[in-house]
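Work through the exercises below with the sequence and the model side by side. Try each task before reading its solution.

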Amino acid sequence: MELAKLSRISMKHLITLHVMLDTLSVTACAERLCLSPSSVSKTLSQLRESLHDELFYRHGNSLIATALARRLGPSVKQMINDMNQIMNQDVFKPQHYQGSFSLAMRESTFELLAATLTAHILNLAPNIHIDIYNKDNIGFDGLVKGSLDFILLPHDLSQPTNVDEDLVWETLINDEMVCLMSASHPLASQQTISLDDYLNFSHIGITDTDLSTPFFDILLAQQSKKRAIPISVPDFGSAALMCHHSELLFTCSRYWASIAKQAQGLLIKPLPIDYGKVAYSLVWHRQSMNDPAHRWLYEQILLCSR
């Protein structure tokens, strides 16, 4: 890329070319830009020298755009539009917005927030398009690469969140973990369960390649104890369905367990050990907030979650 050559062409040159293509008149161009005709002629002369093309030539009493000038027209118009958006980035009108966003979340988060969030957003921005992905298919790497705008997920607050220093985490909903079991489970009649009872039964685990070992399991390891986890599944809903048909225990979010259809009919027991703090969080790339559309969507997510 010849940066030195590019530096000789400014927005003044591009705007002059754009208006000249529209008016084909130095006088009319000068009037529209509130400049003198000599100033417009000087700018055109500089642009001709940089591009090595006449750009406009006289035929009788009319100016004609050269082939290069006509070919540059659409690109120049797009550059001016992009610059206009940058200069007016604080102005965002959702009712006219026709862009798209991509979000990733676990099924459990989808069940708690997605329906309310999408209904709210579409009411304000009817022409918007939203792609929602499973977090297991596209995770934090998608935020770093720019293919994803936001991630919503439940997680242990003690888990390190420094997946990438440019990712920002914000807590949406504080929660606690509980133990789910079927109504016919041998521990069902007990109001509370002991740690020995909890560890004597096998558990369903949740797979997550992005986050580290939960603080709860680290605490157990420090006591030379651990849960037997013969099976792991991608999400809360799958684990809850397995609880209905087995003596497996499932440790999950109380908020999710109180709302999710898959958890209806299961018993909720307090955990016999302090799990630590858990939450549903929103994650995004720091630089994305420079875009007013991203800031608007961020505000809507906060509104719907709180």
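Three exercises follow, on a sheet, on aromatic pairs and on one histidine.

The model is predicted: local features need pLDDT of at least 70, side-chain atom pairs count only at pLDDT 80 or more, and totals for chains, interfaces and linings use all residues. Residues are numbered from 1 along each chain as its sequence is written, and side-chain values use heavy atoms, with hydrogens and water left out.

**Exercise 1. The sheet**

Task: Find the order of the strands in the open sheet of 5 strands, and state which strands stand at its edges.

Solution: Strands are DSSP runs of E of at least two residues and helices are runs of H or I of at least four, numbered from the N terminus. Two strands pair if DSSP finds at least two bridges between them. Strands of a sheet pair through backbone hydrogen bonds, either parallel or antiparallel.

Step 1. The order is 9-8-10-7-11, and the pairing is mixed.

Step 2. Strand 9 (231-233) and strand 11 (267-270) are the edges; each has a single partner strand, so one side of each is left without a neighbour in the sheet.

Step 3. On average, neighbouring strands of this sheet are turned by 40° against each other, direction ignored; axes are lines fitted to C-alpha atoms, for helices over the stretch in contact, and angles run from 0 to 180 degrees between N-to-C directions.

Step 4. Strand 8 (residues 203-206) and strand 10 (residues 249-253) run parallel and are joined by 2 bridges. I204 has F250 of strand 10 as its bridge partner.

Step 5. Helix 10 (residues 236-244) packs on the sheet and touches strand 7 (177-181), strand 8, strand 9 and strand 10. Its direction makes about 145° with that of strand 10.

**Exercise 2. An aromatic pair**

Task: Classify the pair F236 and W256, and state which helices it ties together.

Solution: Rings of Phe, Tyr and Trp (its six-membered ring) pair if their centres lie within 6.5 Å; planes under 30 degrees apart are stacked, over 60 edge-to-face, the rest tilted.

Step 1. The count by this rule is 7 aromatic pairs.

Step 2. F236 and W256 are 5.4 Å apart centre to centre, with 75° between the planes, hence edge-to-face.

Step 3. F236 lies in helix 10 and W256 in helix 11 (residues 254-259), so the pair ties together parts 20 residues apart in sequence.

Step 4. F236 is buried at 6% relative accessibility, and W256 is buried at 0% (buried is under 20% relative accessible area, exposed over 50%, partly exposed in between; 1.4 Å probe, protein chains only).

**Exercise 3. H129**

Task: Place H129 in its strand and list its contacts beyond four places in sequence.

Solution: H129 is in strand 4 (residues 129-134) and is partly exposed, with a relative accessible area of 44%. Leaving aside neighbours within four places, H129 is in contact (heavy atoms within 4.5 Å) with G99, S100 and F101.
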